[in-house]
Amino acid sequence: ESGKAVLSADDKKALDKLASDAMSVNNYMIEIAGYASSTGTKELNQKLSDERATAVAPYLRNTANVPMRRILAPAGYGATHPAATNSDPLGRDINRRVDVKVLVNKGLDGM
(Lines give C-alpha, C1' and ligand atoms only; values in the text may rest on other atoms or scores of the structure.)
Protein backbone atom coordinates (compact mmCIF):
# COMPACT_ATOMS: atom_id res chain seq x y z
CA GLU A 1 0.00 0.00 0.00
CA SER A 2 0.99 3.58 -0.47
CA GLY A 3 2.99 4.84 2.52
CA LYS A 4 3.06 1.40 4.17
CA ALA A 5 5.74 -1.20 4.90
CA VAL A 6 3.56 -4.03 6.21
CA LEU A 7 3.52 -7.59 4.86
CA SER A 8 0.12 -8.84 3.69
CA ALA A 9 -1.08 -12.42 4.08
CA ASP A 10 -0.25 -13.01 0.39
CA ASP A 11 3.23 -11.55 0.89
CA LYS A 12 3.85 -13.90 3.81
CA LYS A 13 2.64 -16.88 1.79
CA ALA A 14 5.00 -15.98 -1.08
CA LEU A 15 7.92 -15.52 1.35
CA ASP A 16 7.19 -18.89 2.97
CA LYS A 17 7.38 -20.58 -0.44
CA LEU A 18 10.54 -18.70 -1.40
CA ALA A 19 12.19 -19.70 1.90
CA SER A 20 11.17 -23.33 1.49
CA ASP A 21 12.47 -23.44 -2.08
CA ALA A 22 15.71 -21.66 -1.12
CA MET A 23 16.47 -24.00 1.77
CA SER A 24 16.38 -26.96 -0.59
CA VAL A 25 19.38 -25.50 -2.47
CA ASN A 26 23.01 -25.51 -1.34
CA ASN A 27 24.93 -22.23 -0.98
CA TYR A 28 21.98 -19.87 -1.37
CA MET A 29 21.75 -16.25 -0.29
CA ILE A 30 18.62 -14.10 -0.23
CA GLU A 31 18.76 -10.54 -1.59
CA ILE A 32 16.05 -8.08 -0.50
CA ALA A 33 15.50 -4.77 -2.34
CA GLY A 34 12.70 -2.34 -1.50
CA TYR A 35 11.27 0.30 -3.83
CA ALA A 36 8.71 3.11 -3.84
CA SER A 37 6.67 4.93 -6.45
CA SER A 38 7.75 8.42 -7.43
CA THR A 39 5.04 10.17 -5.42
CA GLY A 40 6.35 11.96 -2.36
CA THR A 41 9.78 13.39 -1.71
CA LYS A 42 13.03 11.64 -2.50
CA GLU A 43 13.77 11.39 1.24
CA LEU A 44 10.35 9.90 2.04
CA ASN A 45 10.62 7.38 -0.81
CA GLN A 46 14.08 6.34 0.39
CA LYS A 47 12.84 5.88 3.96
CA LEU A 48 9.77 3.93 2.83
CA SER A 49 11.75 1.65 0.52
CA ASP A 50 14.22 0.94 3.36
CA GLU A 51 11.32 0.10 5.69
CA ARG A 52 9.75 -2.21 3.09
CA ALA A 53 12.99 -4.11 2.56
CA THR A 54 13.67 -4.26 6.28
CA ALA A 55 10.20 -5.73 6.98
CA VAL A 56 11.05 -8.83 4.94
CA ALA A 57 14.26 -9.92 6.70
CA PRO A 58 12.78 -10.48 10.19
CA TYR A 59 9.89 -12.40 8.68
CA LEU A 60 12.25 -14.71 6.81
CA ARG A 61 14.42 -15.16 9.90
CA ASN A 62 11.77 -15.47 12.61
CA THR A 63 8.84 -17.08 10.82
CA ALA A 64 10.29 -18.88 7.79
CA ASN A 65 13.37 -20.00 9.80
CA VAL A 66 15.94 -18.78 7.28
CA PRO A 67 19.34 -18.50 9.00
CA MET A 68 20.47 -14.87 9.24
CA ARG A 69 23.78 -15.74 7.58
CA ARG A 70 21.77 -16.51 4.42
CA ILE A 71 20.10 -13.09 4.26
CA LEU A 72 22.04 -10.22 2.69
CA ALA A 73 21.57 -6.78 4.23
CA PRO A 74 18.20 -5.45 3.01
CA ALA A 75 18.43 -2.29 0.93
CA GLY A 76 15.98 0.39 -0.13
CA TYR A 77 16.36 2.05 -3.49
CA GLY A 78 13.65 4.72 -3.31
CA ALA A 79 11.91 5.37 -6.62
CA THR A 80 14.88 4.18 -8.71
CA HIS A 81 14.52 1.18 -11.03
CA PRO A 82 10.76 1.42 -11.58
CA ALA A 83 9.09 -1.78 -12.79
CA ALA A 84 6.27 0.22 -14.42
CA THR A 85 5.43 3.78 -15.32
CA ASN A 86 4.75 6.19 -12.45
CA SER A 87 2.28 8.18 -14.56
CA ASP A 88 -0.80 6.15 -13.60
CA PRO A 89 -2.15 4.54 -10.38
CA LEU A 90 -1.53 0.94 -11.54
CA GLY A 91 2.09 1.68 -12.41
CA ARG A 92 2.68 3.41 -9.09
CA ASP A 93 1.11 0.44 -7.29
CA ILE A 94 3.49 -1.95 -9.09
CA ASN A 95 6.48 0.22 -8.15
CA ARG A 96 5.62 -0.01 -4.44
CA ARG A 97 7.34 -3.35 -4.00
CA VAL A 98 10.06 -5.48 -2.53
CA ASP A 99 12.05 -7.73 -4.84
CA VAL A 100 13.33 -10.84 -3.08
CA LYS A 101 15.79 -13.03 -4.99
CA VAL A 102 17.48 -16.30 -4.18
CA LEU A 103 21.09 -16.22 -5.34
CA VAL A 104 23.19 -19.37 -5.64
CA ASN A 105 26.98 -19.39 -5.78
CA LYS A 106 27.62 -21.99 -8.47
CA GLY A 107 31.34 -21.92 -7.67
CA LEU A 108 30.61 -23.28 -4.20
CA ASP A 109 27.72 -25.47 -5.33
CA GLY A 110 29.97 -28.43 -6.12
CA MET A 111 31.67 -28.37 -2.71
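Which residues touch the most other members of the largest nonpolar core? The points below start there and then take in the sheet, the largest pocket and two loop residues.

1. **Core.** The model is predicted. Its largest nonpolar core holds 16 residues. Leu15, Ile30, Ile32, Val56, Leu60, Val66 and Ile71 touch the most other members. Three elements each supply at least two residues of this core: helix 1 (9-22), strand 1 (28-34) and helix 2 (42-62). Helix 2 provides the largest share, five residues. In soluble globular proteins, nonpolar side chains tend to be buried together.

2. **Ile71.** This residue is one of those that touch the most other core members. Leaving aside residues up to four places away in sequence, Ile71 touches Ile30, Ile32, Ala57, Leu60, Arg61 and Val66. Ile30 and Ile32 fall within the span given for strand 1, 28-34. Ala57, Leu60 and Arg61 fall within that of helix 2, 42-62.

3. **Overall layout.** The chain has four helices and three strands. Along the sequence they follow the pattern α-β-α-β-α-β-α. The C-alpha atoms fill a box of roughly 50 × 30 × 20 Å along the principal axes. Of the 111 residues, 29% count as buried. Among contacts with a separation of 6 or more, 75% join residues 24 or more positions apart.

4. **Sheet.** The three strands form an open sheet in the order 2-1-3, with mixed pairing. Strand 2 and strand 3 stand at the edges, each with a single partner strand, so one side of each lacks a neighbour in the sheet. Strand 1 pairs with strand 3 in the antiparallel sense, over seven bridges. One position to check on screen is Ala33, which stands opposite Asp99 in strand 3.

5. **Largest pocket.** The space in this pocket is about 410 Å³. Its lining counts 17 residues. Val6, Leu7, Ser8, Asp11 and Val98 lie nearest the centre. What is the make-up of the lining by class? There are 10 nonpolar, one polar and six charged residues.

6. **Sources of the lining.** Helix 1, helix 2 and strand 3 (98-104) each supply at least two residues of the pocket lining. Helix 1 gives the most, with four residues. Helix 1 and helix 2 also each supply at least two residues of the largest nonpolar core. Strand 3, for its part, is an edge strand of the sheet.

7. **Asn27.** Most residues other than glycine have a negative phi. Asn27 has a positive phi of about 60°, although it is not a glycine. Where does Asn27 lie? It is in the loop between helix 1 and strand 1. Is Asn27 buried or partly exposed? Asn27 is partly exposed, because its relative accessible area is 21% and the cut-off for buried is under 20%.

8. **Asn65.** A second asparagine needs the same look. Phi of Asn65 is also positive, near 60°, in a residue other than glycine. Asn65 lies in the loop between helix 2 and strand 2 (75-76). Asn65 is exposed, because its relative accessible area is 56% and the cut-off for exposed is over 50%.

Technical notes:
Residues numbered from 1 in each chain as written. Predicted model: local features only at pLDDT ≥ 70, side-chain atom pairs only at ≥ 80, totals over all residues. Heavy atoms only, no water. Core = buried A, V, L, I, M, F, W, Y, C linked by side-chain atoms within 4.5 Å. Buried < 20%, exposed > 50% of the residue type's maximum accessible area, 1.4 Å probe, protein only. Contact = heavy atoms within 4.5 Å. 1 Å grid on protein atoms, 1.4 Å probe; cavity = no way out; pocket = protein on both sides within 12 Å on 5 of 7 lines; lining within 4 Å. Points joined across faces, edges and corners; volume = space filled by probe spheres on them. Nonpolar A, V, L, I, M, F, W, Y, C, P; charged D, E, K, R; others polar. Pairing = 2+ DSSP bridges.
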